[in-house]
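Subject: Structure for you to look at

Hi,

Here is the structure I promised to pass on. Please open it alongside this note. My findings follow below.

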Amino acid sequence: MSHQCSHGHFHPNFSQTLLTPEEQRRMTVQLTLAMTTIGLILLSLLWRTIAPQQSAISDLLAGVAWLIVAVPVFRAGWHSLRHPDLHGVTDLLIVLAMLGAWALGDLITAALLPVLMIFGHILEERSVMGTRQAIAGLTKLTRSKTRRVNADGSLDSVDSQNIVVGDIVEIRAGDNVPADGKIISGYASLDVASITGESVPQEAGPGSLVFGGSINLNGLLRMEVTHTGDQSTLGKVIALMKDAEQAKPPITRMLERYASHYLILVLLIAASTWFLTYDSQAMLAVLVAACPCALVLSAPATAMAGIAVAARHGILIRNAAFLEELADVDALIVDKTGTLTQGRLQMVDAILAAGCDEQQVIQLAATLGATSSHPVSHALADYAPADETLGIHEVEERQGMGIIARTDRGQALLGRSDLFVEHGVSPLALPEHEGPLVGVALDGQFLGWLLLADTLRPEAAEALRELDTLGIERKMLLTGDRIAAARSVAASLGIEDVVAQALPSTKLDEVQKAVREGWHPLVVGDGINDALALKAGAVGMAMGANGADIALVSADVVLTGSDLRRLPTAIRLSRRCRRTLMVNVFIGLGWTILIVAAAALGLLGGAGALIAALLHNLSTLMVLGNTGRLLQFDETH
């Protein structure tokens with residue numbers, strides 16, 4: 001039956017949270033009706049044994065038991081007639097089987113059939129709990145007490161739901177980080193496994209960006225809040241999981257198109273059984289055995305288990321359809337900056353004049369860089385604390401040239417070679433380097449060149465090697481960066497196809513061309529200029545840690561962290577889900593055909609309808625058991 005059924009279905013229905021008060025009430029009513037019915041049936045059987053001559057009392061007890069469950073069953077059947085779908089087929093078949101048993105005077109069978117089915121539906125509904133427990137667990141991380149720092153330095157204990165952007169909060173060891181933010185003081189290790197799936201703690205210090213929902217393992221931090229609620233990383237994770245859980249897998253949509261045809265086929269088989277055998281129990285058994293619960297459950301149970309496992313690995317899948325599409329990808333189209341690379345400049349080398357101390361040169365560059373808003377200067381500022389003894393008196397920033405500062409030790413320069421020539425300083429020869437480079441001079445003496453680059457992610461090569469083993473036959477680097485920088489990255493990773501200096505429209509054209517050529521590309525990016533390409537691929541995947549909002553919205557799959565090894569993990573998981581789904585469909589379809597055939601041939605005996613109901617529940621258990629194996633998938637790095 002349905003895991004997200006309309007109100008008219010008579011079986012329990014779990015909602016977005018685990019159980020709301022209304023759902024608890026409804027489930028309690030269902031179980032109470034079922035247990036009361038079982039009690040009355042036992043009394044009826046007991047009375048028939050003790051006083052067989054007073055069969056009227058035994059029939060009366062069985063009739064009351066039947067009436068208790070008949071009302072919700074008829075309501076469900078009526079709802080299914082007005083709103084036909086695949087889930088309603090089971091409701092209608094049970095109504096017909098129950099009416100048939102009642103017409104034949106078999107009141108005990110008429111009462112027991114819906115009872116057995118209620119317990120079967122409860123088993124089915126449990127299949128959605130894995131995803132909802134994951135959602136509930138993440139939601140708990142967003143609800144806690146936190147300490148807000150007031151302007152006078154005092155602390156207030158407030159609910160994390162009440163903090164706003166710009167608030168300063170104090171996070172102690174053992175506390176949850178209440179929202180996304182930027183560390184302004186303190187050092188600590190953070191457990192980010194629930195957000196990114198990464199088992200290695202993140203080291204946080206001044207300037208670090210941290211996720212809400214992370215856990216402070218040690219140390220004392222003060223943080224400025226940058227995003228709260230639905231706009232935070234954790235809020236987006238929860239929203240994506242809820243959307244994914246509501247979406248129907250493609251195979252379910254296909255089955256729903258043929259729901260009415262299936263019902264007609266079952267009725268024809270039941271009628272044929274009656275006309276050929278005149279065995280009423282065999283006819284009822286066919287109606288019960290044909291209930292497609294295990295088949296209906298196979299795809300959603302697999303999809304929700306896959307989505308929950310993916311979320312545990314920091315992979316957010318918007319829709320079960322993309323979980324299936326991932327299994328078919330055979331090409332990778334990937335952006336460079338922020339995807340294959342770190343997305344920020346780092347110093348990769350220093351070429352110094354004779355007799356210069358590298359640490360002192362870097363500290364001087366960092367001190368001057370801290371006075372500038374230029375990205376290159378800003379990158380240098382992160383490498384060393386400012387030199388307080390330098391005594392900077394005034395700073396002039398020359399657009400496109402660099403920084404000129406008056407200090408206690410003479411004039412300091414940081415910038416391009418033109419700046420040094422202009423000030424009569426003789427620089428060293430320009431080194432060969434594809435990325436930005438800056439020179440440093442102090443008091444008329446050139447100290448050296450500092451070479452910067454957007455470096456590769458350390459796991460990039462490993463991730464691409466794993467994709468090779470998964471049959472990803474084509475790889476393309478598609479970037480807006482310069483051709484020399486793109487080719488350098490591609491060569492280091494073994495990527496042959498390179499398209500550089502690409503505008504968003506160019507990226508879209510390249511992806512569409514690959515699709516027309518018969519490829520099923522996985523498109524991976526993180527920027528605004530990747531949004532169109534992400535939509536055009538077979539599957540679009542966005543790097544969520546530093547990704548632009550439009551890229552996250554356009555993507556089908558979002559990585560909450562930046563670990564590229566999640567790409568092969570996602571593909572392996574999707575292929576595992578497909579194998580699990582095939583087995584589930586085989587169980588659901590094969591078992592249903594088997595017990596329908598046994599029922600039609602009269603092999604289930606005099607209590608054929610009840611035996612068919614028990615065998616039907618057994619197939620549901622087998623599907624859930626097979627799906628449970630999927631939950632053991634674990635590739636946390």
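This is a predicted model, so please read everything below in that light.

First, a helix pair. Helix α17 (residues 460-469) packs against helix α22 (residues 566-600) at an angle of about 25°. Their axes lie 8 Å apart. Angles under 35 degrees count as roughly parallel, so α17 is roughly parallel to α22.

Which residues make the contact? On α17, they are A463, E466 and L467. On α22, they are L567, P568, I571 and R572. By class, the contact of α17 with α22 has 5 nonpolar and 2 charged residues. It has no polar ones.

Next, the sheet. It is open and has 7 strands. Their order is β10-β22-β21-β20-β11-β18-β19, and the pairing is mixed. Where are the edges? They are β10 (315-317) and β19 (497-499), and each of these strands pairs on one side only. From one strand to the next, the twist averages 20°.

One pairing to look at is β21 with β22. Strand β21 (residues 539-543) and strand β22 (residues 557-559) run in the parallel sense, paired over 3 bridges. Pick out A542 there: its bridge partner in β22 is V558.

Last, a helix on the sheet. Helix α18 (residues 483-493) packs on it and touches β18 (474-478) and β19. The direction of α18 makes about 155° with that of β19.

Best wishes

Notes:
Residues are numbered from 1 along each chain as its sequence is written. This is a predicted model: local features need pLDDT of at least 70, side-chain atom pairs count only at pLDDT 80 or more; totals for chains, interfaces and linings use all residues. Side-chain values use heavy atoms; hydrogens and water are left out. Axes are lines fitted to C-alpha atoms, for helices over the stretch in contact, and angles run from 0 to 180 degrees between N-to-C directions. Helices (H or I, at least four residues) and strands (E, at least two) are DSSP runs, numbered from the N terminus. Angles under 35 degrees count as roughly parallel, over 145 as roughly antiparallel, 65 to 115 as roughly perpendicular and the rest as oblique. Contact means heavy atoms within 4.5 Å. Ala, Val, Leu, Ile, Met, Phe, Trp, Tyr, Cys and Pro count as nonpolar, Asp, Glu, Lys and Arg as charged, and the others, Gly among them, as polar. Two strands pair if DSSP finds at least two bridges between them.
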